[in-house]
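The following exercises invite the reader to study a protein chain step by step. Each task is followed by a worked solution.

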Amino acid sequence: MSNKNMHRDACAMGELARRVDNFVGERIRLRRTLLGMTQEHLAAALDISYQQVQKYETGLNRVSAGRLYEISTKLGVPVAFFFDGLEEMADSIDPDAPKEHGGKNRSTIELVRYFTDITDQTLRTAIIRLIKALAEGNGQRGEHTDDLDMTDLLDDDRQH
């Protein structure tokens, strides 16, 4: 193996480690926000600063195995929760692909948080259908969304 190939492989492994750190951090943030817990509350439970929690969640600081176990206990999930979906993410890594901005994950977390606050099952179903229709149309107005009507989304569920 040439030095050039070894360097490229080492860079790819470094990229993988960075992405895993980010993935675990995102899962920590997801679970914390689903519980309605602030960074300050989690930090107090772990006896660390909220800035340290923030660094874990953004992947800026790597979470040690012992700390991850402690976090899992405080958030009421098994350690494996923080790795759920990791295989798909790792398989899809393209080292030449542009890096995603963390804001995308924040909006997903906010969406989940607000969605779980909706108690009306009919409305929840309508929202799921709306999001699915928008995603299938890639958020573009077109054949998938031009004739999309909220009453149709609600009516479909009420007929069942």
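**Exercise 1. Describe the surface and the overall make-up of the protein chain.**

Solution. Begin with the surface: the protein chain exposes about 10,800 Å², and carbon and sulfur atoms supply 53% of this area. The model under study is a predicted one. Next, consider the interior: 31% of the 160 residues count as buried. Then list the secondary structure: the protein chain contains eight helices and zero strands. Read from the N terminus, the order of elements is therefore written α-α-α-α-α-α-α-α, where helices are numbered from the N terminus. Finally, turn to contacts between residues at least 6 apart in sequence: 61% of them join residues at least 24 apart.

**Exercise 2. Determine how helix α2 and helix α4 pack, and which residues form their contact.**

Solution. First locate the two helices: α2 covers residues 39-46 and α4 covers residues 65-75. Their axes lie 10 Å apart, and the packing angle is about 115 degrees. The crossing in which α2 passes α4 is right-handed. Next, identify the partners. On the α2 side they are Leu-42, Ala-45 and Leu-46, and on the α4 side Arg-67, Glu-70, Ile-71, Lys-74 and Leu-75. Sorted by class, this contact of α2 with α4 comprises five nonpolar and three charged residues, with no polar ones.

**Exercise 3. Identify the main contributors to the largest nonpolar core.**

Solution. The largest nonpolar core holds 21 residues. Within this core, the residues with the most contacts are Ile-28, Leu-42, Ile-71, Leu-75 and Phe-82. Now ask which elements supply the core: α1 (3-34), α2, α3 (50-58) and α4 each give two or more residues. Of these, α1 gives the most, with five residues. Phe-82 deserves a separate step. Leaving out residues up to four places away in sequence, Phe-82 touches Phe-23, Val-24, Arg-27, Ile-28, Leu-68, Ile-71, Ser-72, Leu-75 and Val-77.

**Exercise 4. Classify Ile-71 as buried or exposed, and describe its surroundings.**

Solution. Start with the position: Ile-71 belongs to helix α4. Its relative accessible area is 1%, and because buried means under 20%, Ile-71 is buried. Then examine its partners. With neighbours within four places in sequence set aside, Ile-71 is in contact with Ile-28, Leu-46, Tyr-56, Val-63 and Phe-82. As a last step, compare sequence with space: Ile-71 and Val-53 are 18 residues apart in sequence, and their C-alpha atoms are 9.9 Å apart.

**Exercise 5. Classify the loop residues Asp-47 and Gly-85 by accessibility.**

Solution. Take Asp-47 to begin with. Asp-47 is located in the loop between α2 and α3. The relative accessible area of Asp-47 is 71%; since exposed means over 50%, Asp-47 is exposed. Its backbone is also to be noted: Asp-47 has a positive phi of about 60 degrees, although it is not a glycine.

Now take Gly-85, which sits in the loop between α4 and α5 (86-91). For Gly-85 the relative accessible area is 31%, a value between the two cut-offs of 20% and 50%, so Gly-85 is partly exposed. Along the chain Gly-85 and Arg-27 are 58 residues apart, and a distance of 9.9 Å separates their C-alpha atoms.

Terms used
Residues are numbered from 1 along each chain as its sequence is written. This is a predicted model: local features need pLDDT of at least 70, side-chain atom pairs count only at pLDDT 80 or more; totals for chains, interfaces and linings use all residues. Side-chain values use heavy atoms; hydrogens and water are left out. Axes are lines fitted to C-alpha atoms, for helices over the stretch in contact, and angles run from 0 to 180 degrees between N-to-C directions. Helices (H or I, at least four residues) and strands (E, at least two) are DSSP runs, numbered from the N terminus. A crossing is left-handed if the near helix is turned anticlockwise from the far one by less than a right angle, and right-handed if clockwise. Contact means heavy atoms within 4.5 Å. Ala, Val, Leu, Ile, Met, Phe, Trp, Tyr, Cys and Pro count as nonpolar, Asp, Glu, Lys and Arg as charged, and the others, Gly among them, as polar. A nonpolar core is a set of buried Ala, Val, Leu, Ile, Met, Phe, Trp, Tyr and Cys residues joined through side-chain atoms within 4.5 Å. Buried means under 20% relative accessible area, exposed over 50%, partly exposed in between (1.4 Å probe, protein chains only). Accessible areas come from the Shrake-Rupley method with a 1.4 Å probe; for residues, only the protein chains shown count as cover.
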